[in-house]
Amino acid sequence: MKKFLALALSLVMALSLVACGGSSTEEPADEGETAESAETGETGGSGKIGIAMPTKSLERWNRDGSYLQEQFESAGYEVELTYSDNDVTQQVNDIENLISDGVDLLIVAAIDGESLTTVLDSADEAGIPVISYDRLIMNTKAIDYYVSFDNYTVGVLQGQYVIDTLGLDLNDTSKTYNIEFTAGDPADNNAPFFFNGAFDTLKPYIDAGILNIVSGQTAFEEVATATWDTATAMNRMQNILASYYSDGTQLDVALCSNDSTALGVTQAIESDYAGSNQPIITGQDGDEANLKNIVDGKQSMTVYKAVANEAVVTLALAQAILNGEQPGEELTSQFDCECAYDTSSYDNNTGIIPSYLLTPTVVTADNIQEELVDTGYYTMGSDGYPVAVG
Ligand code: GAL
C-alpha cells in the first residue's frame with residue numbers, strides 16, 4: 001500500500017511538473033509532528049526549508065504538505081514539515097522551532113492570519129525569507145511573497161454557476177429563487193474574498209428581487225463558519241431550515257464557500273429540508289467526500305484548485321529567493337499552468353505583498369473525468385468515485 005501511494009504520488013508530481021513546468025516521497029508529518037528528511041536531490045538545491053501547514057483535519061492541506069515536501073526534496077532541499085491541528089498557539093510554537101532549527105526559508109499557511117506577527121518578525125530578524133502560502137499573513141513586514149489562487153475569482157465562479165444553472169436574467173423578474181450563504185473562517189484572510197466574489201456576482205439579482213435570502217443573513221460575519229468546520233456549518237443550516245423553510249418555503253441555492261462547509265450543509269438538507277427539489281450546492285477544493293456527492297447529484301459543483309501546481313510555483317519562487325534574486329513577472333514564464341503575478345490585490349496592512357496567483361477551475365459531474373482524472377490529480381476508484389493522488 002505505502003509503495004503504491006509513493007508510486008502514485010511520484011506519478012502525480014511528474015504529471016504536475018509536466019502540467020506546470022520544474023521526484024522520492026517521505027511520509028508526511030502527523031498532527032503536531034515534524035517530518036525531517038536528509039534527501040539531497042539531483043537538481044542541486046541545498047538548504048533546509050520549513051513548511052508550516054494549518055491542520056490535517058481539512059483534506060486539502062494533507063495534499064499541500066506532501067506535494068511541497070516532494071517538490072523541495074526532489075530539488076535537493078531538506079524539509080521540515082509541521083501540522084498544527086488548527087491550534088494557533090501550537091503553530092506559533094512550531095514556527096519558533098523551525099526558526100531555531102535553522103531553516104533557510106519558511107513557507108507558512110496560517111491558521112489565523114493575524115496571529116503570526118511576533119514569530120515572523122523574529123524570522124525576519126534572523127534573515128529568514130517567508131512565503132505566505134495560500135492564505136495571506138497580516139500585519140508583518142516579514143512576508144516576502146504570497147502564493148495562492150485568485151481567491152476572489154473562486155467566489156465569482158460559484159456565483160456565475162448559480163446564474164447560469166438557474167438561467168437568471170435581470171430583465172425577467174417573473175421567477176424568483178431563494179438562496180442562503182455559508183462562508184468560511186473569519187480568521188482566514190481568504191474567506192471574505194471567496195464570499196465577496198460570490199456575493200458581488202449575485203448582488204444585481206438580489207437587488208432585483210430575483211434572488212431572496214430568506215434568513216436575511218447577508219453580512220460575512222453572519223454567514224461565516226469558524227475553522228471551516230463541517231459540523232458548525234451543518235448546525236447553522238439546520239437552524240435556518242427550521243426557522244425559515246419548515247413552512248414549505250423552497251430553498252433553491254445553498255452557496256457554500258468550500259467543500260468542508262458544503263458537506264455539513266448537504267447533511268442538514270438531507271436530514272432537515274422538507275422540500276422535494278434538490279437545491280444547488282456549491283463548494284471548493286475537490287474533497288473526496290464532496291466529489292462523491294457531486295457524482296451522486298447531492299452537490300452541484302466544486303471549484304478545484306490544483307494545489308500540485310501551487311507547490312511547483314512555490315518551489316520556483318523559493319529557489320529564486322534563495323539564489324538572492326527578487327523575482328517578479330518573469331518567473332511566471334517558467335510555468336505552463338496559468339499563474340499571474342499581482343502587485344495590487346493583496347495588502348497585509350504593511351503594504352502590498354507581491355503575489356503569484358493561480359487560476360481555479362469549475363468541476364461538475366460532467367467534467368470530473370476530464371478535469372481531475374485525465375489530468376492525473378485523481379484516479380477513478382472502482383466504485384466510480386474519484387480518489388485524490390497524493
Ligand atoms: C482556505 C483555502 C481553501 C479551503 C479553506 C479551508 O484558505 O484557500 O482552499 O481549503 O481554506 O481549508
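This section describes the overall make-up, salt bridges, cysteines, internal cavities and backbone exceptions of a predicted model.

The protein chain contains 12 helices and 16 strands. Of its 390 residues, 55% count as buried. The accessible surface of the chain comes to about 14900 Å², and carbon and sulfur atoms account for 48% of this area.

The count of salt bridges in the model comes to 10. One of them joins Arg135 to Asp188, with the closest N and O atoms 3.0 Å apart. Arg135 lies in the loop between β5 (130-133) and β6 (143-149), whereas Asp188 lies in the loop between β7 (177-182) and α6 (190-207), so the pair ties together parts that are 53 residues apart in sequence. Both partners are withdrawn from the surface by the accessibility criterion: Arg135 is buried at 5% relative accessibility, and Asp188 is buried with a relative accessible area of 2%.

A salt bridge of local character in sequence is formed by Lys203 and Asp207, with an N to O distance of 2.8 Å. These two residues both belong to helix α6 and are 4 residues apart, about one turn of the helix. Lys203 counts as partly exposed, at 35% relative accessibility, while Asp207 is exposed, with a relative accessible area of 54%.

The side chains of Glu270 and Lys298 also meet in a salt bridge, at 3.3 Å from N to O. This pair links distant parts of the chain, 28 residues apart, with Glu270 in helix α9 (residues 259-272) and Lys298 in the loop between α10 (288-295) and β11 (302-304). Glu270 is exposed, at 52% relative accessibility, and Lys298 is partly exposed, at 27%. In addition, a network of salt bridges links Arg60, Asp64, Asp134 and Glu310.

No disulfides accompany these ionic contacts, the count being 0. For Cys339, the closest cysteine sulfur is that of Cys337, and the two sulfur atoms are 6.1 Å apart, which is too far for a bond; the cut-off for a disulfide is 2.5 Å. Cys339 is buried, with a relative accessible area of 14%. Cys256 is likewise buried, at 0% relative accessibility.

Internal space was examined next. Rolling a probe the size of a water molecule over the atoms shows where empty space is left. The largest cavity holds about 130 Å³ of space. Its lining consists of 15 residues, and those nearest the centre of the cavity are Arg60, Trp61, Arg135, Asn258 and Asp285. Helices α2 (60-74) and α6 each contribute at least two residues to this lining. By class, the lining of the largest cavity comprises 8 charged, 4 nonpolar and 3 polar residues. Two of the residues nearest the centre, Arg60 and Arg135, recur among the ionic contacts described above: Arg60 belongs to the salt-bridge network with Asp64, Asp134 and Glu310, and Arg135 is the partner of Asp188.

The second largest cavity contains about 30 Å³ of space. Leu58, Asn86, Ile111, Arg135, Asp185, Thr227 and Trp228 form its lining. These residues divide into 3 nonpolar, 2 polar and 2 charged. Arg135 is thus found in the lining of the largest cavity and in that of the second largest.

The backbone was also considered. Most residues other than glycine have a negative phi, and most peptide bonds are trans. Thr227, one of the residues lining the second largest cavity, has a positive phi of about 55° although it is not a glycine. Thr227 is located in the loop between α7 (220-223) and α8 (230-244) and counts as partly exposed, at 37% relative accessibility. Asn349, also not a glycine, has a positive phi of about 75°. The position of Asn349 is in the loop between β12 (339-342) and β13 (355-358), and Asn349 is exposed, with a relative accessible area of 55%.

Definitions and conventions. Residues numbered from 1 in each chain as written. Predicted model: local features only at pLDDT ≥ 70, side-chain atom pairs only at ≥ 80, totals over all residues. Heavy atoms only, no water. Salt bridge = Lys/Arg side-chain N within 4 Å of Asp/Glu carboxyl O. Buried < 20%, exposed > 50% of the residue type's maximum accessible area, 1.4 Å probe, protein only. 1 Å grid on protein atoms, 1.4 Å probe; cavity = no way out; pocket = protein on both sides within 12 Å on 5 of 7 lines; lining within 4 Å. Points joined across faces, edges and corners; volume = space filled by probe spheres on them. Nonpolar A, V, L, I, M, F, W, Y, C, P; charged D, E, K, R; others polar. Areas by Shrake-Rupley, 256 points an atom, 1.4 Å probe, with all protein chains shown as cover.
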